[in-house]
Amino acid sequence: MVSSRRWRGWLAIVGGVLIHLTIGTFYTFGNMSPYITSYIRERSSPEDLRYKLVVLIYVLTLVGQGSTMILGGKLEKRFGPRHIALAGGLLMSTGVLLSYFTIQISFVLLSVTYGIVVGIGTGIAYVPPLVCALKWFPEKTGLVSGIIVAGFGGGAFIFNFVQTAYINPTNLSPNSTEPGYPNERYFSEPSLLDKVPSVFLVLGLIYVIMQLIGSVFIKNPPVKDVR
């Protein structure tokens, strides 16, 4: 009985790590920024977009996450960790998938999908997996929370490589500059820019699959086992 409980508890941790690997990927924004900015300048709007404005997407993501983390915790108490972790994760993934369309229209719309929507989904999904895993191992709070939060940071590490391997596998360097700002360099290679919108589809689908698998394992222990 004890071994069965421990086994199910570790599965809950695995599920939490999978969820956090996906929602932590907003930290890859620094890697995506040159590709996003270059694509919008060449093929979307506005054509004079610069890096200092694109940072707004990252800011909106942080605001969205910070403003909804408490909501995620409250919803977890009412509906359970599995449903809320999955709902938040899928909302985040939806924002990524929709960015395939919005980046081809304008920077403003991309800010909504890749900034606000991704941020809100991340905030909602952050707390439930962590709370669930801690219920399984109340005597190992430091270890359990450390493992799951490591997934949050690890997602950026892993998906930085995925993004670069897809968009820029030959490691091309930026090859154009902004008049008056010689230190700002952008990509203009058509074969590279062609892949920028579709990377959101690739990433979004990977995230959805990971979130669906992870949510299967996220389940609170029986009430009598919660201490």
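## Phe-137 and its surroundings

In this predicted model, Phe-137 sits in the loop that links α5 and α6. Its relative accessibility is 2%, so Phe-137 counts as buried, the cut-off for that class being under 20% relative accessible area. Setting aside residues up to four places away in sequence, Phe-137 touches Arg-6, Gly-9, Trp-10, Ile-13 and Val-144. Helix α1 covers residues 2-23 and helix α6 covers residues 141-167, and these ranges place the partners of Phe-137 along the chain.

Pro-221 offers a further reference point for this loop residue: the C-alpha atoms of Phe-137 and Pro-221 are 9.8 Å apart in space, while the two residues are separated by 84 positions in sequence.

## Overall architecture

The chain contains 8 helices and 2 strands, and, read from the N terminus, its elements follow the order α-α-α-α-α-α-β-β-α-α. The radius of gyration is 19 Å, close to the 17 Å that the globule rule gives for 227 residues, so the chain is as compact as a globular protein of that length. The C-alpha trace spans about 70 × 30 × 25 Å along its principal axes.

Of the contacts between residues at least 6 apart in sequence, 81% join residues at least 24 apart.

## The nonpolar core

In soluble globular proteins, nonpolar side chains tend to be buried together. Here, the largest nonpolar core holds 48 residues, and the members that touch the most others are Ile-36, Val-96, Ile-103, Tyr-114 and Phe-200. Two or more residues of this core come from each of α1 (2-23), α2 (29-43), α3 (51-79), α4 (81-102), α5 (107-136), α6 (141-167), α7 (190-193) and α8 (196-217), with α5 giving the most, namely 11 residues.

Ile-103 illustrates how such a core member is surrounded: apart from its neighbours within four places in sequence, Ile-103 is in contact with Ile-36, Tyr-39, Ile-40, Ser-44, Leu-110, Val-196, Pro-197 and Phe-200. Two of these partners, Ile-36 and Phe-200, are also named among the core residues that touch the most other members.

## Ser-215 in helix α8

Ser-215 belongs to helix α8, and at 5% relative accessibility Ser-215 counts as buried. Beyond its neighbours within four places in sequence, Ser-215 is in contact with Ile-19, Arg-82 and Leu-86. The range of α1 is 2-23 and that of α4 is 81-102, which locates the contacts of Ser-215 among the helices.

## Backbone features in two loops

Two loop positions deserve attention for their backbone geometry. The peptide bond joining Ser-45 and Pro-46 is cis, with omega about 5 degrees, and Pro-46 is found in the loop between α2 and α3.

Asn-171 is not a glycine, yet its phi is positive, at about 55 degrees. Asn-171 occupies the loop between α6 and β1 (176-178), and its relative accessible area of 60% makes it exposed, since the cut-off for exposed residues is over 50%.

## Surface and charge

For the chain as a whole, 48% of the 227 residues count as buried. The area that the chain exposes is about 10,600 Å², and carbon and sulfur atoms supply 68% of it.

The charged side chains comprise 18 positive and 10 negative ones, and the centres of these two sets lie 19 Å apart.

Key: Residues numbered from 1 in each chain as written. Predicted model: local features only at pLDDT ≥ 70, side-chain atom pairs only at ≥ 80, totals over all residues. Heavy atoms only, no water. Helix = DSSP H or I, 4+ residues; strand = E, 2+ residues; numbered from the N terminus. Rg over C-alpha atoms; globule rule 2.2 N^0.38 Å. Buried < 20%, exposed > 50% of the residue type's maximum accessible area, 1.4 Å probe, protein only. Contact = heavy atoms within 4.5 Å. Areas by Shrake-Rupley, 256 points an atom, 1.4 Å probe, with all protein chains shown as cover. Lys, Arg positive; Asp, Glu negative; His and termini not counted. Charge placed at Lys NZ, Arg CZ, Asp CG, Glu CD. Core = buried A, V, L, I, M, F, W, Y, C linked by side-chain atoms within 4.5 Å.
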